[in-house]
Amino acid sequence: MKTRLSAAGATLLALLVTVLAFGQPAHAAAGFSVAGGKLYDANGTEFIMRGVNHAHTWYPQQTSSFADVKALGANTVRVVLSSGDRWTRNTNADVANVISLCKANRLICVLEVHDTTGYGEQSGAITLARAVDYWLSLADVLSGQEKYVIVNIGNEPYGNQNYASWATDNANAIKRLRAGGLNHTIMVDAPNWGQDWSFTMRDNAASVFAADPARNTVFSIHMYGVFDTAAEISDYLGRFRSAGLPIVVGEFGFNHSDGNPDEDTILAYSQANGIGWLGWSWSGNGGGVEYLDLATNFNPASLTDWGQRLFNGANGIRQTAREASVFGGTPPPTTPPPTTPPPTTPPPAGGCTATYTVTNQWQGGFQAEVRVTAGARAITGWTAGWTFANGQSVTQSWNVALTSSGTTVTARNAEYNGRLTAGASASFGFLGSWTGTNSAPTLSCTAS
């Protein structure tokens, strides 16, 4: 089973990379690309995954599921496939049909090989190298589908043992895929049954990203019982954002045998920070985790409590999903605007304004976002400041150099987000503590 998260104390040296290294747009073959820690579709429009996992390899007859999840608002489906090593192989024709079903229903298709699950711990699990063999055998099916398909090399490719080679094995797998002509965005799963309690992916993601000649790799964390507090979720995802590395929550649930994940924070933090996610799973779960079904017996009219939460709840699919622009629509911006109204008077030329939003709150703690916007002229740096009125304090921050003196907070831009063109914005976030009252402070902003 998955192991509880240990205290976060490892250094960020492997993750903290400059925007010069990872801020330049990748160039996929007319497909998805990664730049500045974000995913963009073939039109250059930011794309944030809001969807579900579907166990196609075990339920190949459930082809109506693609239309059903689309009708409920999803923009992405992560499809379980098998290389044939542990379950019946999904043939080239079958995978081609899956892609056509995704496209017909205007869904982005994340394809994953499930046979790697728990390698090193679970009997029969295959290596990432063996998964690459499968992807290369699908070259004729995948070619030309870069606009619509993301390739997830292998699901949860290591258990809680023998995962030390995670970075090397993923780097080698990516290089083989590129050498074999695969130009798609590649998704990489964390070890430790996907939950990375050892921080192996977190601390080695930068080197794996750099190993991709196309700089077109996205990292995927699976959040179950290891991620049962807001602090754990915000810390893990926030470190990727601070490093400018793309991260998605490739699987998560509202409950699990190894603990109770904090799904409300997963949804709220992801929405506030432009992070994609894919809930597990549409239907057909067994082995004691049937409660993870989003729909009962694949019936979209019979959503479970988990399904109602994911599709219709706060920060869920209906509220936040935006269809990929490659399907011809003109979706609204995927990054939500701040909920705090902007000032009624324009900032001075060359100046800046700052807005403050509490994006999530729980007993004794909260998460907030500050958005800094340049005035009528470009700026080269900014400093935001405020004084808490109710004794609140900051416990952790990201995308900013933040200092506190008592209740007075000073926030200066990071190296990569200080230069803003006229009217452009940058945002940073933090976790804080509070007791009694958590009123929003008045912010000042100074530009340089």
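**Strands, sheets and cores in a predicted chain**

Modeller: The chain exposes about 16,600 Å², of which carbon and sulfur atoms supply 51%. This is a predicted model, and the chain holds 11 helices and 18 strands.

Colleague: What share of the residues of the chain counts as buried?

Modeller: Of the 448 residues, 57% count as buried, a word reserved for residues under 20% relative accessible area.

Colleague: What makes strand β3 largely enclosed by the rest of the structure?

Modeller: Strand β3 covers residues 50-54, and five of the five are buried, so the strand is largely enclosed by the rest of the structure.

Colleague: How do you know that β3 pairs with strand β10 and with strand β4?

Modeller: Two strands pair if there are at least two bridges between them. Between β3 and β10 (residues 276-279) there are three bridges in the parallel sense, with Val52 matched to Gly279 of β10, and between β3 and β4 (residues 76-81) there are four bridges, again with the strands running parallel, Asn53 having Arg78 as its bridge partner in β4. The condition is therefore met for β10, and it is therefore met for β4.

Colleague: Which helix does the chain pass through between β3 and β4, and what is the handedness of the crossover?

Modeller: The chain goes from β3 through helix α2 (residues 65-71) to β4, and this β-α-β crossover is right-handed.

Colleague: Which residues have the most contacts inside the largest nonpolar core?

Modeller: That core has 99 residues, and those with the most contacts inside it are Leu111, Trp135, Ile153, Phe219, Ile221, Leu237 and Trp282. Apart from this core lies another, of 25 residues, including Val370, Ala374, Ala411 and Leu443. As for Phe219, the residues that it touches, leaving aside those up to four places away in sequence, include Trp166, Met201, Phe240 and Val248, a contact here being heavy atoms within 4.5 Å.

Colleague: Why are β15 and β18 said to stand at the edges of their sheet?

Modeller: The open sheet has four strands in the order β15-β16-β13-β18, with antiparallel pairing. Both β15 (400-405) and β18 (444-447) have a single partner strand, so one side of each is left without a neighbour in the sheet. Neighbouring strands of this sheet are turned by 15° against each other on average, direction ignored.

Colleague: What makes β13 and β18 a pair?

Modeller: Strand β13 (residues 382-387) and β18 are joined in the antiparallel sense over four bridges, and Gly385 stands opposite Ser444 in β18. Since at least two bridges are required, the two strands therefore count as paired.

Definitions and conventions:
Residues are numbered from 1 along each chain as its sequence is written. This is a predicted model: local features need pLDDT of at least 70, side-chain atom pairs count only at pLDDT 80 or more; totals for chains, interfaces and linings use all residues. Side-chain values use heavy atoms; hydrogens and water are left out. Buried means under 20% relative accessible area, exposed over 50%, partly exposed in between (1.4 Å probe, protein chains only). Accessible areas come from the Shrake-Rupley method with a 1.4 Å probe; for residues, only the protein chains shown count as cover. A crossover is right-handed if, with the strands pointing away from the viewer, the path from the first strand over the helix to the second runs clockwise. A nonpolar core is a set of buried Ala, Val, Leu, Ile, Met, Phe, Trp, Tyr and Cys residues joined through side-chain atoms within 4.5 Å. Axes are lines fitted to C-alpha atoms, for helices over the stretch in contact, and angles run from 0 to 180 degrees between N-to-C directions.
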